Each structure stands twice: as structure tokens, then as C-alpha cells.
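Here is a short set of exercises to work through with the model open in your viewer. Try each task before reading the solution beneath it.

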Amino acid sequence: MRRLRGIQVVSRDPASVGRHGRATTRSLLLAVVLAAVAVAACSTPGPAASPGQISVVATTTVLADLVHQVAGSRAAVTSLVPKGGDVHTFDPRPSSLRAVASASLIVRNGLGLDDWVANMVVNTGTSAAIVAAGEELPGVTYLPGEGAANTVNPHVWMNVANAERMVAKIATALTAADPAGAQAYLDGATAYEAQLTALDTELHARMTTIPAANRTVVAFHDAFPYLADAYGLRIDGTIISAPGQDPSAGSLADLVGAIRRDNVKAVFTEVQFNDELARTIATETGVEVVSGLYDDTLGDAPLDSYAAIMRRDVDEVVLALGGI
Ligand SMILES: [Zn+2]
């Protein structure tokens, strides 16, 4: 009955009232789902794990791929945010709660990207271990967020060298959750880190070909500072200050002014967001649109891995900015 107490936590959650304005409906839905989870948890194991596998839940498809690359067939990995979804504004689904309830390990990014998972942990009463794969990584220079002071930009994986450090942290968490797989996780992480080292070298070589005068861009949301910092771009601004918030007329006018003043070459759009506003700004200012970049989500095959989306993004950026 421990899980049933979670219903009361949900119904009082002030954050869900303020953010969504429909806490009553949401709480009722969650209450029904959680009751079902409580019953189901008594009789069934994890939803996807086969014998010998551990059940791992990641908050995003990008993190799920990092786990998969390390663990291979030892782990059944589920992403809470579906492919193409927006992690910043995600609303948990009934299937998300079932996955969290029965997971052995939850891999989140942390740094404010996926704080919503904390409520899911409380409300499902899951006994899963939790690792924030993007937090407290040795050797990573964390960059400031766009919002309030003292926030950190969470998109650390957009620098491949940082993703390597996340992989090491994920391997440690997998080993703690499943000690019998220690050697497999070590081998998986070692092989994948070598692939990422080679990928990082390749991306640096591609980005180096962009002429110095063409390296200033604006983005739809604030997902690219780590990529820019690592591979030599300058982000001059973003169209939205945070996903789910529409820009004001004043902030758009400021951005258009900056694009004209600062020799901006391109506007980055992203697959999980409508690109209409970016295209309007590009038309008005005459800059390129680098369309449909991948950052917070993977795509369909062959863009269904972290390495593939990073390579594809750099291909698009290099092409648009005059590199080779
Ligand atoms: Zn993002």
C-alpha cells in the first residue's frame, strides 16, 4: 500500500497546478493509474526485461541509447520521453509510471532538464536506483543556463567528450545495480568510449573547415552552447527563452536586431519544435536555416543513435556555414 500514499503527494503538488493549470484532472488520472500500478506491481516483473536482463528507464531517447551502447542485451531500456518528444515540457503517461515502478535503474540527465522524474519516483514508490548522468562529471566545464541566475545549461551531451564521461558514469551505475554484469559493462563502456573518441575527432575535423566569419548562429532553444564551445561556433541568441514559453514581440525584435548587427549566418531549428517562427526570422533577415537539428531526442533509423544524430547535425551545420 506504500504506493497509494503517493496519490496524496500528487494531488497536493503545487508545481503541477502552476505549470499546467489542471491539477485536479491530472491528479485523478494519476490516482487511477497509480492504483493500477500498485496492483500490477504485486504480480508482474518489469514490463520489458527478459530473464537475466535488468530493466532500465532513461528519461530521453539519447540517454537510452547511451545505456544501450554500454549494456547491450543485458538491459531492457525504455525512454520515458518518446522519440520526437520535448523533455522540457514532458507530461508523464500511464505507461511511464508503470516503467518507473518496475525499473531497477533510472538514468536521468539532471541539471534541471528532467526534474519531473523526481515526482514519478515518489509517486510510484519505485525501488530503482537513480543516476543523474549529466551531473558532477569530472573535467566538464558546465555552462550557464538562460534563465535565472545560478542555473546550468543541461545539454552537456552536445559535446561528445562530455558524453564519454556520461557513459563512464552510466557504466558505474549499471554495475552497482547489476554487479554480475560488471565485466560486460566495463567492456561495453570501453568499446563505446573509443567510438566516441573517434567521433569527437571526426566532428572537430569537419567543423574546422567552417570559415571563421561564418561561425555565428542563433538557435531555437538553448540546446547548443556545449556544441558551440567544443566545436567553435558562437551562439548569438535563442528564439525562445525556454520550451513552452512563447517569445515576446520585444525579444523577437531584439533577436532580429542582433542577427543583423552581429553577422549571424544561420538559424538552427530542431526536430521536436515547429520551425515556422525560425523560418520567418530567417526570411526577414536573409540568413540560412539549418533545419531539423537533433539535440534532445533521437530520430527514426538511421538517426536512432546518439552518434548518428551528432554526425548528422555536424553535416548540416558544416554545409550551411560554408565548410566542407
Ligand atoms: Zn533542450
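A polar contact is a pair of N or O atoms within 3.5 Å; inside a protein, one of the two must be able to donate a hydrogen and the other to accept it. Keep that cut-off at hand, and remember that the model is predicted.

**Exercise 1. Warm up with the whole chain.**

Task: Find how many helices and strands the protein chain has, and what share of its residues is buried.

Solution:
- Step 1. Counting secondary structure gives twelve helices and eight strands.
- Step 2. The protein chain has 324 residues, of which 51% count as buried.
- Step 3. Now look at contacts with a separation of 6 or more: residues 24 or more positions apart account for 66% of them.

**Exercise 2. Describe the zinc site.**

Task: List the protein donors of the zinc ion and work out the geometry of the site.

Solution:
- Step 1. The donor atoms are NE2 of His 88, NE2 of His 155, NE2 of His 221 and OD of Asp 296, lying 2.0 Å from the zinc ion.
- Step 2. Angles among the four donor atoms run from 99 to 128 degrees. Four donors count as tetrahedral if all angles lie between 85 and 135 degrees, so the site is tetrahedral.
- Step 3. Along the sequence, the spacing of the donor residues reads H-x66-H-x65-H-x74-D.
- Step 4. His 88 and His 221 show how the site links distant parts of the chain, being 133 residues apart. His 88 sits in the loop between β2 (75-79) and α5 (94-102), while His 221 sits in the loop between β5 (216-219) and α9 (225-231).

**Exercise 3. Sort the histidine donors by accessibility.**

Task: Decide for each of His 88, His 155 and His 221 whether the residue is buried, partly exposed or exposed.

Solution:
- Step 1. The needed cut-offs are under 20% relative accessible area for buried and over 50% for exposed, with partly exposed in between.
- Step 2. His 88 has a relative accessible area of 25%, so this residue is partly exposed.
- Step 3. His 221 has a relative accessible area of 2% and is therefore buried.
- Step 4. For His 155 the value is 2%, so His 155 is buried.

**Exercise 4. Explore the surroundings of His 155.**

Task: Place His 155 in the fold, then find which side chains make polar contacts with its side chain.

Solution:
- Step 1. His 155 belongs to the loop between β4 (129-132) and α7 (160-177).
- Step 2. Leaving out residues up to four places away in sequence, His 155 touches His 88, Leu 113, His 221, Asp 222, Ala 223, Tyr 226 and Asp 296.
- Step 3. Apply the polar contact cut-off from the start. The side chains of His 155 and His 221 pair at 3.2 Å, and those of His 155 and His 88 pair at 3.4 Å.
- Step 4. For a look at the backbone, take Asp 295: its C-alpha lies 8.0 Å from that of His 155, though the two residues are 140 apart in sequence.

**Exercise 5. Look for a cavity.**

Task: How many cavities of 30 Å³ or more does the structure hold, and which residues line the largest cavity?

Solution:
- Step 1. Searching the whole structure turns up one such cavity.
- Step 2. The volume of the largest cavity is about 30 Å³.
- Step 3. Its lining consists of Thr 60, Val 62, Leu 63, Asn 109, Leu 113, Trp 157 and Asp 296. Recall that Asp 296 is also a donor of the zinc ion, and that Leu 113 is touched by His 155.

**Exercise 6. Check the backbone.**

Task: Identify what is unusual in the backbone at Pro 302, Leu 111 and Asn 263.

Solution:
- Step 1. Start from the background: most residues other than glycine have a negative phi, and most peptide bonds are trans.
- Step 2. Ala 301 and Pro 302 are joined by a cis peptide bond, with omega about 5 degrees. Pro 302 lies in the loop between β8 (288-293) and α12 (306-320).
- Step 3. Leu 111 has a positive phi of about 60 degrees. This residue is in the loop between β3 (105-108) and α6 (116-124) and, at 18% relative accessibility, counts as buried.
- Step 4. Asn 263 also has a positive phi, near 60 degrees. Its loop runs between α10 (249-261) and β7 (266-270), and Asn 263 is partly exposed at 41%.

Technical notes:
Residues numbered from 1 in each chain as written. Predicted model: local features only at pLDDT ≥ 70, side-chain atom pairs only at ≥ 80, totals over all residues. Heavy atoms only, no water. Donors = N, O, S within 2.8 Å, 3.2 Å for Na, K, Ca; no water. Tetrahedral: all angles 85-135°; square planar, octahedral: opposite > 155°, others 65-115°. Helix = DSSP H or I, 4+ residues; strand = E, 2+ residues; numbered from the N terminus. Buried < 20%, exposed > 50% of the residue type's maximum accessible area, 1.4 Å probe, protein only. Contact = heavy atoms within 4.5 Å. 1 Å grid on protein atoms, 1.4 Å probe; cavity = no way out; pocket = protein on both sides within 12 Å on 5 of 7 lines; lining within 4 Å. Points joined across faces, edges and corners; volume = space filled by probe spheres on them.
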